[in-house]
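Reader: Hi! I'm in my first year and still learning to look at protein models. Could you pick one part of this one and walk me through it slowly?

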Amino acid sequence: MFTESAGCSALAELATIVAVADRPVTDSPALGPCVVGSPVADHWARVEGRFREWAGRPGLRDRLRAHLRSLSPREEMRVVARSRETTTHFAWCLRDEPAEPFTFWLHEYKPQQDWRQGYADSIHNHRYHFCTVLLAGSYVHERFDARLAPDGGSIVDTTLLRSTEAVEGDSGTMLAHEFHRIPKAADDTLTFLVKSRAVTPWSLSFDPDTRTSHRHVPVESRLEELTNTL
């Protein structure tokens with residue numbers, strides 16, 4: 001597996017910074033305590049603090065552009081193979097090292113006229129925590145409270161908590177149990193994200209118009225089930 005050389009890439013630098021968040025520090029009491037050996041996802045507030053500091057430095061787009069331009073053809077193929085298209089954006093996986101408890105992504109939003117109804121613009125949560133910074137453009141971000149069924153496997157109802165317009169330079173954090181949606185984004189909107197590894201086996205989405213809830217299980221976790229049904 002390809003690993004970037006330390007010091008030669010913005011992503012390698014960020015990976016080092018986030019990895020440090022997995023160990024206790026004594027020079028940043030504002031970020032809160034950390035338990036030695038606990039997973040990064042268990043103290044995401046520390047990751048958030050370090051990510052915001054790193055992302056707030058000038059020239060982030062230039063650093064990410066330089067990283068992409070430095071990729072060899074083989075490395076470019078790996079990025080493409082890890083990435084995917086969604087109904088609202090292209091999700092580019094820039095870094096996914098198995099030994100690291102996080103991944104780095106660039107989300108390239110499609111023009112609004114090309115959006116299709118789907119997961120991203122439904123009310124939904126994620127299987128992982130993430131921090132994001134808006135590199136270009138803007139979008140409407142809505143946060144919701146969700147009332148779940150007793151078994152936790154579906155959404156019964158949702159309540160809008162707040163709606164804000166995020167603009168270039170804004171950053172934010174979503175935890176796996178929190179619900180949100182992005183109903184609208186300006187053309188050419190770009191975001192950069194750091195995601196934890198999955199902390200739950202599935203995510204949920206809810207269509208407020210039809211009041212339909214769906215549970216989303218990743219295909220990679222269904223191999224054993226597939227084998228058993230053959």
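Author: Here is a walk around helix α2 and the sheet beside it, beginning with a few ground rules.

What you have here is a predicted model, so local features are described where pLDDT is at least 70 and side-chain atom pairs where it is 80 or more, while totals for chains, interfaces and linings use all residues. Residues are numbered from 1 along each chain as its sequence is written, and side-chain values use heavy atoms, leaving out hydrogens and water.

The protein chain comes to 5 helices and 12 strands; helices (H or I, at least four residues) and strands (E, at least two) are DSSP runs, numbered from the N terminus. Of its 230 residues, 43% are buried. Buried means under 20% relative accessible area, exposed means over 50%, and partly exposed is in between, using a 1.4 Å probe and protein chains only.

Now for the helix itself. α2 covers residues 44–55, which is 12 residues, and it reaches 16 Å from first C-alpha to last, close to the expected 16 Å. That expected span is 1.5 Å times one less than the number of residues.

Which residues of α2 are buried? They are Trp44, Arg46, Val47, Arg50, Phe51, Trp54 and Ala55. Look down the axis of α2 and these buried residues fall within an arc of 155°, so they line one face of the helix. (The arc is taken from the directions from the helix axis to the C-beta atoms.) Over on the other side of α2, Ala45 and Glu53 are exposed.

So what covers that buried face? The cover includes α1 (10–20), α3 (60–69), β5 (130–136), β8 (171–174) and β10 (190–196). One of the helix residues, Phe51, also turns up in the largest nonpolar core: of its 24 residues, Phe51, Phe104 and Phe192 touch the most other members. A nonpolar core here is a set of buried Ala, Val, Leu, Ile, Met, Phe, Trp, Tyr and Cys residues joined through side-chain atoms within 4.5 Å. The elements giving two or more residues to this core are α1, α2, α3, β3 (102–109), β5 and β10.

Let's follow β5, since you'll find it in both of those lists. In β5, 7 of its 7 residues are buried. β5 runs antiparallel to β8, joined by 4 bridges, with Thr132 partnered by Gly172 in β8. β5 also runs antiparallel to β10, this time through 6 bridges, and there Ala136 stands opposite Leu190.

Zoom out and you get an open sheet of 6 strands in the order β1-β2-β3-β10-β5-β8, with antiparallel pairing; two strands pair if DSSP finds at least two bridges between them. β1 (84–85) and β8 stand at the edges with a single partner strand each, so one side of each has no neighbour in the sheet. At the β1 end, 2 bridges join β1 to β2 (residues 89–95), again antiparallel, and Glu85 stands opposite Phe90.

One last stop is His107, in strand β3. His107 is buried, with a relative accessible area of 8%. Leaving out residues up to four places away in sequence, His107 touches His89, Phe90, Ala91, Thr189, Leu190, Thr191, Leu193 and Lys195, where contact means heavy atoms within 4.5 Å. Two names there should look familiar: Phe90 was opposite Glu85, and Leu190 was opposite Ala136.
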